[in-house]
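Q: I'd like a close look at one part of this model: the buried interior. Take me through who packs against whom, and then tell me how the rest of each chain fits around that.

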Amino acid sequence: MARIRVQTGDFDIGAEFAALAAGRTDIGGIGCFVGTVRNNALDQSVAAMTLEHYPAMTERAIARITDEAERRWDLLGCTVIHRVGRLVAGDNIVLVLAAAAHRQPALDATAFLIDWLKTKAPFWKKEEFIDGAAAWVEARDADDAAAARW
Amino acid sequence: MPDAGTPLTILYFAWLRERTGTAEEHVSPPDDVQTVGDLVSWLAGRSPGHANAFANRRTIRCAVNQDFADPSAPVRPGDEVAFFPPVTGG
């Protein structure tokens, strides 16, 4: 059963690891991806970004993605936490954890989850540059290609 | 089932919200608006901001009742129809 949260506050990676593994001894590996706010984009310096989402749809869209991961791999649990609101450079944005008996399904499912999250969950980023300008991030063909490889 | 007088709820996100100047509106389009594509054409006529928001349809995505939907998808009274750019989370 996937653990899914959308929240403004930060997440504690260690606590999420512990919660995923609590009470079980059948897990052989946990894949982990943490997305963070990078301080540059398209040769401009990024000070912060605001993440907007579609509250009525977001958790359901993420659940569809985790359901698909659980269908494709024999997972022993997974966690997706996505932050929304205003975040500054260096802040955490998203956490993906996938637990399995062996490393390959754990690592593959982790990559799958973040690739699909980037193209199939209703979030939008607006970047604020250090000169005060702001712009919506445009979807990248490379992200579509990454999602399509699965 | 909602009757034909039940309005549609339209939601806008990201730059569609900025260009239309609204996050949510309730509309009752004429009977010949049957699909998402029809609805886009009709909404584009509501204001200069709407026309600007819908100017390039290739850059717009849609969800009907919280599920991604194509321009050919039907819209019915009472539906929640959301318009937004391609997603950029993660």
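A: Let's start with chain B, where buried residues account for 48% of the 90 residues. Keep in mind that what you're looking at is a predicted model. Chain B carries 3 helices and 5 strands, and from the N terminus they come in the order β-α-β-α-α-β-β-β. A compact globule of 90 residues would have a radius of gyration near 12 Å, and chain B has 12 Å, so the two agree. If you want a box for it, the C-alpha atoms take up roughly 35 × 30 × 20 Å along the principal axes.

Now for the inside. The largest nonpolar core holds 32 residues, and the ones with the most contacts inside it are Y54(A), I10(B), L39(B), V81(B) and F83(B). Note the chain letters there: Y54 comes from chain A, while I10, L39, V81 and F83 come from chain B. In chain B, the elements that put in two or more residues are β1 (8–12), α1 (15–20), α2 (36–43), β3 (61–64) and β5 (80–84).

V81(B) is a handy place to zoom in. Setting aside residues up to four places away in sequence, V81(B) touches L8(B), T9(B), I10(B) and L11(B). The same list continues with L39(B), then C62(B), A63(B) and V64(B), and finally V75(B). On the chain-wide level, take the contacts in chain B between residues at least 6 apart in sequence: 54% of them join residues at least 24 apart.

There's a second core to look at, lying apart from the one above. This other core has 30 residues, among them A2(A), W73(A), I114(A) and W116(A).

That brings us to chain A, with 4 helices and 9 strands in the pattern β-α-β-β-β-α-β-β-β-α-β-β-α. Its radius of gyration is 16 Å, close to the 15 Å that the globule rule gives for 150 residues, so chain A is as compact as a globular protein of that length. The C-alpha trace of chain A spans about 50 × 30 × 30 Å along the principal axes, and 47% of the 150 residues are buried. Of the chain A contacts between residues at least 6 apart in sequence, 75% link residues at least 24 apart.

Two residues make a good way into the packing of chain A. L95(A) sits in strand β7 (residues 92–100) and counts as buried because its relative accessibility is 0%, where the cut-off is under 20%. Leaving out neighbours within four places in sequence, L95(A) is in contact with F11(A), I13(A), E16(A), C32(A), F33(A), V34(A), T79(A), V80(A) and I81(A). L113(A) is 18 residues from L95(A) in sequence, and their C-alpha atoms are 10 Å apart.

F33(A), from that contact list, belongs to strand β2 (residues 29–36). F33(A) is partly exposed, at 31% relative accessible area. Its contacts, with neighbours within four places left aside, are V94(A), L95(A), V96(A), T110(A) and I114(A). I114(A) in turn is one of the residues in the 30-residue core. V96(A) is 63 residues from F33(A) along the chain, yet the C-alpha atoms are separated by 5.1 Å.

A couple of backbone spots are worth a click too. Q66(B) isn't a glycine, but its phi is positive at about 70°. Q66(B) lies in the loop between β3 and β4 (67–69) of chain B, and with 17% relative accessible area it is buried. D43(A) also has a positive phi without being a glycine, near 65°. That residue is in the loop between β3 (40–41) and β4 (44–53) of chain A, and with a relative accessible area of 82% it is exposed.

Finally, the outside. Chain B exposes about 4400 Å², with 50% supplied by carbon and sulfur atoms. For chain A the accessible surface is about 7400 Å², and carbon and sulfur atoms hold 50% of that. As for charge, the mean positions of the 7 positive and 11 negative charges in chain B are 11 Å apart. In chain A the mean positions of the 17 positive and 21 negative charges are 3 Å apart.

Note on methods. Residues are numbered from 1 along each chain as its sequence is written. Chains are lettered from A and ligands numbered from 1 in the order in which they are written. This is a predicted model: local features need pLDDT of at least 70, side-chain atom pairs count only at pLDDT 80 or more; totals for chains, interfaces and linings use all residues. Side-chain values use heavy atoms; hydrogens and water are left out. The radius of gyration is taken over C-alpha atoms; the globule rule is 2.2 Å times the number of residues to the power 0.38. Buried means under 20% relative accessible area, exposed over 50%, partly exposed in between (1.4 Å probe, protein chains only). Contact means heavy atoms within 4.5 Å. Accessible areas come from the Shrake-Rupley method with a 1.4 Å probe; for residues, only the protein chains shown count as cover. Lys and Arg count as positive and Asp and Glu as negative; His and the chain ends are not counted. The place of a charge is taken as NZ of Lys, CZ of Arg, CG of Asp or CD of Glu. A nonpolar core is a set of buried Ala, Val, Leu, Ile, Met, Phe, Trp, Tyr and Cys residues joined through side-chain atoms within 4.5 Å.
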